[in-house]
Amino acid sequence: MIHLDPSILAADFANLERDIRCVQEVGVEYIHVDVMDGQFVPNISIGLPVVKSLRKHITGVMDVHLMIEEPERFLEDFKEAGADILTVHLEATHHIHRTIQRIHDLGMKAGISINPGTPVSALEAIINDVDLVLIMSVNPGFGGQKFIPYSLEKLRQVKAMLNKARRDILIQVDGGATLDNVQTLIDAGANLIVAGSSVFEGEKTAANAKAFLELFKGCGA
Ligand SMILES: O=C(CO)[C@@H](O)[C@H](O)COP(=O)(O)O
């Protein structure tokens with residue numbers, strides 16, 4: 001089953017409730033919330049109070065992607081803010097195993113993300129402990145960037161690693177996903193597609209989301 005996970009980084013920050021409602025009304029079940037600290041990535045997005053307010057309007061899965069240094073400092077806070085999935089970066093902590101364990105202890109699903117420059121092999125020791133692997137297909141920090149082609153090979157490698165481990169979990173791809181390239185992402189193994197600008201940019205948010213969902217129907221969604 002393939003899912004669309006619209007990234008609200010590309011939504012209208014003055015109308016987040018409206019934009020979230022818009023995609024949910026056409027059947028979207030996941031909402032991707034990017035949290036950036038200006039340290040791990042060269043940008044600052046939103047913080048805990050906004051995430052907590054968004055929770056009231058998200059009817060499905062609130063998928064929070066932490067692009068922050070030492071995410072272990074804030075796990076309890078994001079649980080309290082209502083995150084269902086909490087994804088941390090392998091590169092952002094010295095204690096990835098403990099961090100994943102703590103996310104689970106708090107009752108959330110745990111995701112691990114790697115930057116474009118980090119090899120998939122670095123995931124080997126943690127792959128059995130996570131519910132989601134996120135392959136960043138742009139350098140994190142900004143929406144609207146161009147998809148990095150080598151990410152397709154990384155998706156294939158993750159899929160092979162998970163097959164070998166007999167694990168069927170979420171394989172998420174984030175950055176530069178469009179209606180034109182999404183089929184190649186799915187073919188490479190992705191089953192949770194983050195899309196920001198290709199959903200929220202322009203005046204046709206609902207139609208854009210619907211077009212992704214229609215395309216996924218042919219893939220068994
Ligand atoms: O995490 C990030 C960027 O750091 C992403 O979630 C982007 O927001 C995706 O945006 P598009 O590339 O789809 O515009």
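**Close-up 1. Ile-169 in the loop between α5 and β7 of the predicted model.** Ile-169 sits in the loop that links α5 (151-164) to β7 (170-174). Its C-beta atom has 18 C-beta neighbours inside 10 Å. A buried residue would need 20 or more and an exposed one 12 or fewer, so Ile-169 counts as partly exposed. Leaving aside residues up to four places away in sequence, Ile-169 touches Val-130, Asp-131, Leu-132, Val-133 and Leu-162. Ile-127 lies 42 residues from Ile-169 along the chain, and the C-alpha atoms of the two are separated by 9.8 Å.

**Close-up 2. Strand β5 between β4 and β6.** On one side, β5 (residues 109-114) pairs with β4 (residues 85-89) in the parallel sense, over five bridges. Within this pair, Lys-109 of β5 is the bridge partner of Ile-85, and Ile-112 of β5 stands opposite Val-88. β5 also pairs with β6 (residues 132-136), again in the parallel sense, over four bridges. Here Gly-111 stands opposite Leu-132 in β6. Leu-132 is also one of the residues touched by Ile-169.

**Close-up 3. The β-α-β unit of β4, α4 and β5.** Helix α4 (residues 96-105) joins with β4 and β5 in a β-α-β unit. The unit is right-handed. Its two strands are the parallel pair β4 and β5.

**Close-up 4. The open sheet and helix α8.** Eight strands form an open sheet with parallel pairing, in the order β1-β8-β7-β6-β5-β4-β3-β2. Because β1 (3-6) and β2 stand at the edges with a single partner strand each, one side of each is left without a neighbour in the sheet. From one strand to the next the twist averages 25 degrees. Helix α8 (residues 205-217) packs on the sheet and touches β1 and β8. The direction of α8 makes about 160 degrees with that of β1.

**Close-up 5. The shell of residues around the ligand.** There are 22 residues around the ligand, and Ser-7, Leu-9, Gly-143, Gly-196 and Ser-197 come nearest. Elements giving two or more residues to this shell are β2 (30-36), β8 (192-195) and α7 (197-200). By residue class, the shell divides into eight nonpolar, twelve polar and two charged residues. Of the contributing strands, β2 is an edge strand of the sheet, while β8 follows β1 in the strand order and is touched by α8.

How values were computed
Residues numbered from 1 in each chain as written. Predicted model: local features only at pLDDT ≥ 70, side-chain atom pairs only at ≥ 80, totals over all residues. Near = placed C-beta within 6 Å. Nonpolar A, V, L, I, M, F, W, Y, C, P; charged D, E, K, R; others polar. Pairing = 2+ DSSP bridges. Right-handed = clockwise from strand over helix to strand, strands pointing away. Contact = placed C-beta atoms within 7 Å. Axes fitted to C-alpha atoms, helices over the stretch in contact; angles between N-to-C directions.
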